[in-house]
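Visitor: I've got a model on my screen and some time before my next gel. Could you walk me through it?

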Amino acid sequence: MAGEGEKKAVLEMVQADGADEGCVTFVLHDEDHTLGNSLRYMIMKNADVEFCGYTITHPSESKINFRIQTRGGIPAAEPLRRGLNELSDVCQHVLNTFQRPLSFSL
Amino acid sequence: RPLGKMAARMENVEEIRNRVILGEFGVTNVHTTDFPGNYPGYDDTWNVEKFQKNFRIDVVHLDENSMEFDMVGIDAAIANAFRRILLAEVPTMATEKVFIYSNTSIVQDEVLAHRLGLIPIKADPRLFEYRNTGKEEGSEIDTIQLQLKIKCSRNPRASKDSSDPRELYLNHMVYSKDIKWVPIGNQADVFADCCIGPVHDDILIAQLRPGQELDIVMHCVKGIGKDHAKFSPVATASYRLLPEITLLEVVEGEKAERLKQCFSRGVIDLEDINGTKVAKVVNSRLDTCSREVLRHSDLKNVVKLGRVRDHFIFTVESTGILPPDVLVTEAIKVLVAKCQRFLNELDSTAME
């Protein structure tokens, strides 16, 4: 899942044996509260998600453990993908709203 | 704290959802609680239309070095992400390698190199690339070369009994204006119109006396604030929540005068109604929320202090490398790139 040995891992999935696909811990490398907290907010706004949280396991390592538990057997990668898309759309809308008044005043 | 009293009273619910309360002994209601399922009767699922309808940005002040703008209708998690990115993840160019050919000043080599690294360099980082790790030699696409060559000498025209160093010596103060850009490769053509060099001319780097000299070459590379604070493009970037002051009863006369003194100037004004002065909240945005009013036993039950949880007043001060509105734009793009990176990773592993 993490790729060849020489390539640095970006995203890993850790699943407990026997648990269904709905309870997964994702390990996001080279990330901190910046993406962790904002992504957690977007995923929590999803009604299918029963639990969502993230931890920085040790401050010297720049990676976060991001846990998602879904309701109704939905695979956990789905709210993750949807949260990332929604966060990206929010940023795009913020960017458009920010640049609009500035283009008028030029 | 007795939770039973606070829970789910109709008048309270709106306040719990939208306001941070500043109490006498602490700040309450801080965290976002409007997630689906927390409040019966409210649909808190993410709704793009509702967000886009409520969201607005008002630019209050903008000049070449700083800007103040309001971001309304967004959550603290995302506003904080923008603040963190402005401080640590928007790239700039700064001096990384300092080649000291001659330093006979009293400033140590490493102290001098440290100071040179902190000088902001006016070069648009979007026109450069990151230097690949392990690559020792810089090329024209990832390096800016600067030179500082200065020698202090005695001023032959100084009067014999002067004791002012400005008269006695030439070049005894080394300023950032003495740093010259040395174009490499095709940089002279590409950057012909924009002068690359330190943002400010008057940063004092070192002091010299006659006979001392500096002969230094610097290589500037692209980096981010997370790696070293010299790469941070902002002097600072911060936000505060919009304060909200509500008067729970009518306050008149001398009490109103004392109430006015408890807040920052311009927040509370005294209106003349039928001969008596009555206090009125005019502009709560100016308040610094010192909670001074809660220190007076007869005034503390008259006001309710709070902050609006989704109204952020951002202040961005640039170091001069990029204008502040460009910095905010770049910060938002960095967050989009972060999301994209994980979306691509999810897509590539899904196809395996």
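Visitor: Let's start with a helix. Which strands of chain A does α1(A) lie across, and at about what angle does α1(A) run to β3(A)?
Guide: Keep in mind that this is a predicted model. Helix α1(A) packs over three strands of chain A, namely β2, β3 and β4 (63-70). Its direction relative to β3(A) comes out at about 175°.

Visitor: Okay, and in what order do the four strands of that open sheet in chain A come?
Guide: The pairing there is antiparallel. The edges are β1 (11-14) and β3 (49-55) of chain A, each pairing on one side only. From one strand to the next the twist averages 20°. Read across, the order is β1-β2-β4-β3.

Visitor: Which residue in β2(A) stands opposite V14(A)?
Guide: Strands β1(A) and β2(A) run antiparallel and are joined by four bridges. Look across from V14(A) into β2(A) and you land on T25(A).

Visitor: Over in chain B, which strands are the edges of the open sheet β5-β14-β7-β11?
Guide: That sheet has four strands with antiparallel pairing. Its twist averages 25° from one strand to the next. The strands that pair on one side only are β5 (92-103) and β11 (179-182) of chain B.

Visitor: What is the bridge partner of K151(B) in β14(B)?
Guide: Start with β7 (residues 144-151) and β14 (residues 213-223) of chain B, which pair in the antiparallel sense over eight bridges. Find K151(B), and its bridge partner in β14(B) is E213(B).

Visitor: Which helix lies across β5, β7, β11 and β14 of chain B?
Guide: Look for a helix made of residues 109-118 of chain B. Against β5(B) it runs at about 150°. That's α5 of chain B.

Visitor: I also see a hairpin in chain B. How many residues sit between β3(B) and β4(B)?
Guide: Strand β3 (residues 56-62) and strand β4 (residues 66-72) of chain B pair in the antiparallel sense over six bridges. One bridge pair to look for is R56(B) with V72(B) in β4(B). The number of residues between the two strands of this hairpin is three.

Visitor: Now the bit I care about: how much area do chain A and chain B bury between them?
Guide: The contact draws 37 residues from chain A and 45 residues from chain B. Carbon and sulfur atoms account for 72% of the buried area. The total is about 4000 Å².

Visitor: How many salt bridges are there between chain A and chain B?
Guide: Over all chains, the structure holds 26 salt bridges. One that crosses between the chains links D32(A) to K226(B), with the closest N and O atoms 4.0 Å apart. Between chain A and chain B, the count is five.

Visitor: Which element gives the largest share of the side of chain A that touches chain B?
Guide: The elements giving two or more residues to that side are β2 (23-29), α1 (33-44) and α2 (77-105) of chain A. By class, the side has 19 nonpolar, 11 polar and seven charged residues. The largest share is 17 residues, and it comes from α2(A).

Visitor: While we're on that helix, about how many helical turns separate E86(A) and R82(A)?
Guide: These two form a salt bridge, their closest N and O atoms being 3.2 Å apart. Because E86(A) and R82(A) are four residues apart in helix α2 of chain A, the separation is about one helical turn.

Visitor: Last one: how many residue pairs are in polar contact between chain A and chain B?
Guide: For this count, both residues need pLDDT 80 or more. With that condition, the number of pairs between chain A and chain B is eight.

Note on methods: Residues are numbered from 1 along each chain as its sequence is written. Chains are lettered from A and ligands numbered from 1 in the order in which they are written. This is a predicted model: local features need pLDDT of at least 70, side-chain atom pairs count only at pLDDT 80 or more; totals for chains, interfaces and linings use all residues. Side-chain values use heavy atoms; hydrogens and water are left out. Two strands pair if DSSP finds at least two bridges between them. Axes are lines fitted to C-alpha atoms, for helices over the stretch in contact, and angles run from 0 to 180 degrees between N-to-C directions. Contact means heavy atoms within 4.5 Å. Buried area is the accessible area (1.4 Å probe) that two parts lose on being put together, summed over both. A salt bridge is a side-chain nitrogen of Lys or Arg within 4 Å of a carboxyl oxygen of Asp or Glu. A polar contact is a pair of N or O atoms within 3.5 Å; within protein, one must be able to donate a hydrogen and the other to accept it, and residues adjacent in sequence count only if both atoms are side-chain atoms. Ala, Val, Leu, Ile, Met, Phe, Trp, Tyr, Cys and Pro count as nonpolar, Asp, Glu, Lys and Arg as charged, and the others, Gly among them, as polar.
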